[in-house]
Amino acid sequence: MVRNDFPIDRERHSRIKFELDRRGLSLAEIARRVGVGLPAVSSVSLGRSRSARIEAHLAQALGMTAPKLFPERYPEENKGGAA
């Protein structure tokens with residue numbers, strides 16, 4: 001996991017938790033699936049740190065890609081406008 005310069009995004013964190021809950025999941029379940037502790041997943045969801053593996057698991061659980069869920073972290077994959 002890597003610390004980053006992006007601001008903490010509590011709104012996205014709340015949306016992630018809400019959408020996981022709608023699917024019968026939680027940040028704790030994602031942590032179990034990835035094999036890390038809940039604080040690591042929460043830290044990534046909030047934007048305090050980066051982990052491509054955790055980002056990918058969160059996005060997959062929500063039916064999207066990591067670049068769509070965390071666009072500021074993947075600027076090269078989000079160039080060219082809306083698809």
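**Figure 1. The whole chain, buried and exposed.** A residue is called buried here when its relative accessible area is under 20%. By that cut-off, buried residues account for 39% of the 83 residues in the chain. Keep in mind for every view that this is a predicted model. The chain holds 5 helices and 2 strands, and reading from the N terminus the elements go β-α-α-α-β-α-α. Take the contacts between residues at least 6 apart in sequence: 54% of them join residues at least 24 apart.

**Figure 2. Helix 3 and what covers it.** Helix 3 spans residues 38-46, and 7 of its 9 residues are buried. Those buried positions are Ala40, Val41, Ser42, Ser43, Val44, Ser45 and Leu46. They pack against several elements: helix 1 (10-22), helix 2 (27-34), strand 2 (49-50) and helix 4 (52-61). Just past the helix sits Gly47, with a positive phi near 95°.

**Figure 3. Where helix 1 crosses helix 3.** The two axes come within 8 Å and cross at roughly 125°, so helix 1 and helix 3 count as oblique to each other. On the helix 1 side, the contact is made by Arg10, Arg12, His13 and Ile16, while helix 3 brings in Ser42, Ser45 and Leu46. It's a mixed bag chemically: 2 of these residues are nonpolar, 3 are polar and 2 are charged.

**Figure 4. Zooming in on Ser45.** Ser45 belongs to helix 3. How accessible is Ser45, and is it buried or exposed? Its relative accessibility is 0%, so Ser45 counts as buried. The Ser45 side chain makes a polar contact with the side chain of His13, at 2.8 Å. Setting aside neighbours within four places in sequence, Ser45 touches Asp9, Arg12, His13, Ile16, Leu27, Leu58 and Phe70. Two of the names in that list, His13 and Ile16, also turn up in the helix 1 contact with helix 3.

**Figure 5. Arg23 and Glu19, a salt bridge with both partners partly exposed.** Opposite charges on side chains can pair when the charged atoms come close. The structure has 10 salt bridges, and this view shows one of them: Arg23 pairs with Glu19, the closest N and O atoms lying 2.8 Å apart. Arg23 has 39% relative accessibility, so Arg23 counts as partly exposed. Glu19 is partly exposed as well, with a relative accessible area of 24%.

**Figure 6. Arg73 and its two glutamates.** The side chain of Arg73 meets that of Glu55 in a salt bridge, 2.8 Å from N to O. Arg73 lies in the segment after helix 5 (66-69) and Glu55 lies in helix 4, so this pair ties together parts that are 18 residues apart in sequence. Are Arg73 and Glu55 buried or exposed? Both are buried, and for Arg73 the relative accessible area is 4%. Arg73 also forms a salt bridge with Glu72, with the closest N and O atoms 3.6 Å apart. Glu72 itself is partly exposed, its relative accessible area being 28%.

**Figure 7. Stepping back to the salt-bridge network.** Which residues are linked in a network of salt bridges along with Arg73? They are Asp9, Arg12, Arg50, Glu55 and Glu72. Two of these network members, Asp9 and Arg12, are among the contacts of Ser45 too. Arg12 is also one of the helix 1 residues that make the contact with helix 3.

Key. Residues are numbered from 1 along each chain as its sequence is written. This is a predicted model: local features need pLDDT of at least 70, side-chain atom pairs count only at pLDDT 80 or more; totals for chains, interfaces and linings use all residues. Side-chain values use heavy atoms; hydrogens and water are left out. Buried means under 20% relative accessible area, exposed over 50%, partly exposed in between (1.4 Å probe, protein chains only). Helices (H or I, at least four residues) and strands (E, at least two) are DSSP runs, numbered from the N terminus. Contact means heavy atoms within 4.5 Å. Axes are lines fitted to C-alpha atoms, for helices over the stretch in contact, and angles run from 0 to 180 degrees between N-to-C directions. Angles under 35 degrees count as roughly parallel, over 145 as roughly antiparallel, 65 to 115 as roughly perpendicular and the rest as oblique. Ala, Val, Leu, Ile, Met, Phe, Trp, Tyr, Cys and Pro count as nonpolar, Asp, Glu, Lys and Arg as charged, and the others, Gly among them, as polar. A polar contact is a pair of N or O atoms within 3.5 Å; within protein, one must be able to donate a hydrogen and the other to accept it, and residues adjacent in sequence count only if both atoms are side-chain atoms. A salt bridge is a side-chain nitrogen of Lys or Arg within 4 Å of a carboxyl oxygen of Asp or Glu.
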